[in-house]
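These are my notebook entries on side-chain pairings and a few backbone details that I looked up one after another. I kept the wording close to what I could read off for each residue.

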Amino acid sequence: MVSICCITYNQEPYIRDALEGFLRQKTSFPFEILIHDDASTDGTAQVIREYADRFPDRIFPILQKENQYAKGLTSVSGTYNFPRARGRYIAMCEGDDYWTDENKLQRQVDFMEANPGCSLCFHSARIEVQGRALTERRMRPYRGSRRVSPEEIIDKTSGYPTASLLFRRELVSRLPEFYEQAPIADIPLQLMAAAAGWAWYIDRPMCVYRLGGVSSWTTLMKQGDYEEKQKAYAAAMKRMYMGFDRETGGRFHPVVEHAVRRLLFLTKVNTKQYRAVLDRKNREFYRELNLRTRCFIRLETGAPRLYAALYRGFHRSAGRQKKQ
């Protein structure tokens, strides 16, 4: 009934949590666990092999010898996991996240089975911070379980947890060009779901999103020239949205354009281009930022010395806590 698709790279401290979360699922139907490890250099592959040996009829790994992402392959799931999936549905979870509710799959599948027009089911997540960061403690796109329109999926103010996504396998039976070329896989999947129907959001934190893991995408993005990486990411994502617009014949054109404007605004927030962030023409997107982020922006622009002192104090305190 369900193919759980998981990709891993250097996630030895976390992968057991992910695998245990899969195996603890209580369902009235069978499911399989498809794992692709992209030539990890730590002990991730060994852990996966251990579990695959214990559950050979449920866990099916691909353990690469060469890193495929380094070769330019961004569509790892689309190349290695989706084509071998046998389930009616596909559930996503990367190796550094994990599921916390043993009834997660049953709840989602029951809803999808009862609602054939629903192309995507997702839910909220708890956030676990690895290292030093000030952030929200919950990834909660909406307040209350509800139906989400295609337009809302495309032009959303908050991300959807990747580990919460469940969709019908036929959604990825043919992967469009905009998916293949996207720098990340979850957003184009959501766009494909928007083109196919509507979504259902369950306002229940049934998974954990780990923020700041050693080999996570967000951590790797911050290494090196962060500003250039952000510009390149924004440009690639804009091309992805434009590709989706062409693929759907302009059906959602105004919504796509608005989503691109928000994407470019958030790039300016990430790279601290606060003059543009505070420009009146961006007021709509500025108001969408959470209160904490808005306060930090105002503090950093209005009282930079105080902000710098508070920033140093936070990092010293976080460093002491880590040693303890």
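Entry 1, a tryptophan and its ring partner. I began with tryptophan 200, which has a relative accessibility of 22% and therefore counts as partly exposed, since buried would require a value under 20%. The model is a predicted one, and I read every value below with that in mind. Phenylalanine 111, at 18% relative accessibility, falls on the other side of that cut-off and so counts as buried. In total I found 12 aromatic pairs in the structure. Phenylalanine 111 and tryptophan 200 make up one of these pairs, and I noted it as stacked, with 4.7 Å from centre to centre and 15° between the planes. When I traced where the two rings come from, phenylalanine 111 turned out to belong to helix H4 (residues 104-114) and tryptophan 200 to strand S11 (residues 198-202), so that the pair links distant parts of the chain, 89 residues apart.

Entry 2, a second stacked pair. Next I looked at phenylalanine 122 and tyrosine 160, which also form a stacked aromatic pair, with 3.9 Å between the centres and 20° between the planes. This pair, too, links distant parts of the chain: phenylalanine 122 sits in strand S6 (residues 118-123), while tyrosine 160 is in the loop between helix H5 (150-154) and strand S10 (166-168), 38 residues away. Are these two rings buried or exposed? Phenylalanine 122 has a relative accessibility of 0% and counts as buried, and tyrosine 160, at 3%, counts as buried as well. I then followed the rings further and found that Phe122 and Tyr160 belong with Tyr142 and Tyr201 to one aromatic cluster.

Entry 3, charges over rings. Staying with tyrosine 160, I saw that lysine 156 lies over the face of this ring, 4.7 Å from the ring centre. I recorded another such arrangement at phenylalanine 31, where the charged end of arginine 58 sits over the ring at 4.3 Å from its centre.

Entry 4, salt bridges. How many salt bridges does the structure hold? I noted 19, and I followed some of them residue by residue. The side chains of glutamate 50 and arginine 16 meet in one of them, with 3.0 Å from N to O. Glutamate 50 lies in helix H2 (residues 44-54) and arginine 16 in helix H1 (residues 15-23), so this pair links distant parts of the chain, 34 residues apart. Both partners came out as partly exposed, glutamate 50 with a relative accessible area of 30% and arginine 16 at 36% relative accessibility.

I also looked up the salt bridge between glutamate 66 and lysine 71, in which the closest N and O atoms are 3.4 Å apart. Lysine 71 has a relative accessible area of 55%, which means that it counts as exposed.

In helix H9 (residues 226-247) I found glutamate 228 and lysine 231, 3 residues apart, which is about one turn of the helix. These two residues form a salt bridge whose closest N and O atoms are 3.8 Å apart. Glutamate 228, at 43% relative accessibility, counts as partly exposed, and lysine 231, at 42%, counts as partly exposed too. Salt bridges with shared partners also join Arg16, Glu50 and Arg54 into one network.

Entry 5, positive phi values. I turned to the backbone and found that asparagine 10, which is not a glycine, has a positive phi, near 50°. Asparagine 10 is placed in the loop between strand S1 (2-8) and H1, and with a relative accessible area of 15% this residue is buried. Alanine 39 likewise has a positive phi, of about 60°, although it is not a glycine. Alanine 39 lies in the loop between strand S2 (31-37) and H2 and is buried, with a relative accessible area of 12%.

Entry 6, glutamate 300. Lastly I went to helix H13 (residues 291-302), where glutamate 300 is placed. Which residues is glutamate 300 in contact with, leaving aside its neighbours within four places in sequence? I listed Lys272, Tyr274 and Tyr307. With lysine 272 the side chain of glutamate 300 is joined by a polar contact of 3.3 Å.

Technical notes: Residues numbered from 1 in each chain as written. Predicted model: local features only at pLDDT ≥ 70, side-chain atom pairs only at ≥ 80, totals over all residues. Heavy atoms only, no water. Phe/Tyr/Trp six-rings, centres within 6.5 Å; stacked < 30°, edge-to-face > 60°. Helix = DSSP H or I, 4+ residues; strand = E, 2+ residues; numbered from the N terminus. Buried < 20%, exposed > 50% of the residue type's maximum accessible area, 1.4 Å probe, protein only. Lys NZ or Arg CZ within 6 Å of the ring centre and 35° of its normal. Polar contact = N/O pair within 3.5 Å; in protein donor to acceptor, adjacent residues only side chain to side chain. Contact = heavy atoms within 4.5 Å.
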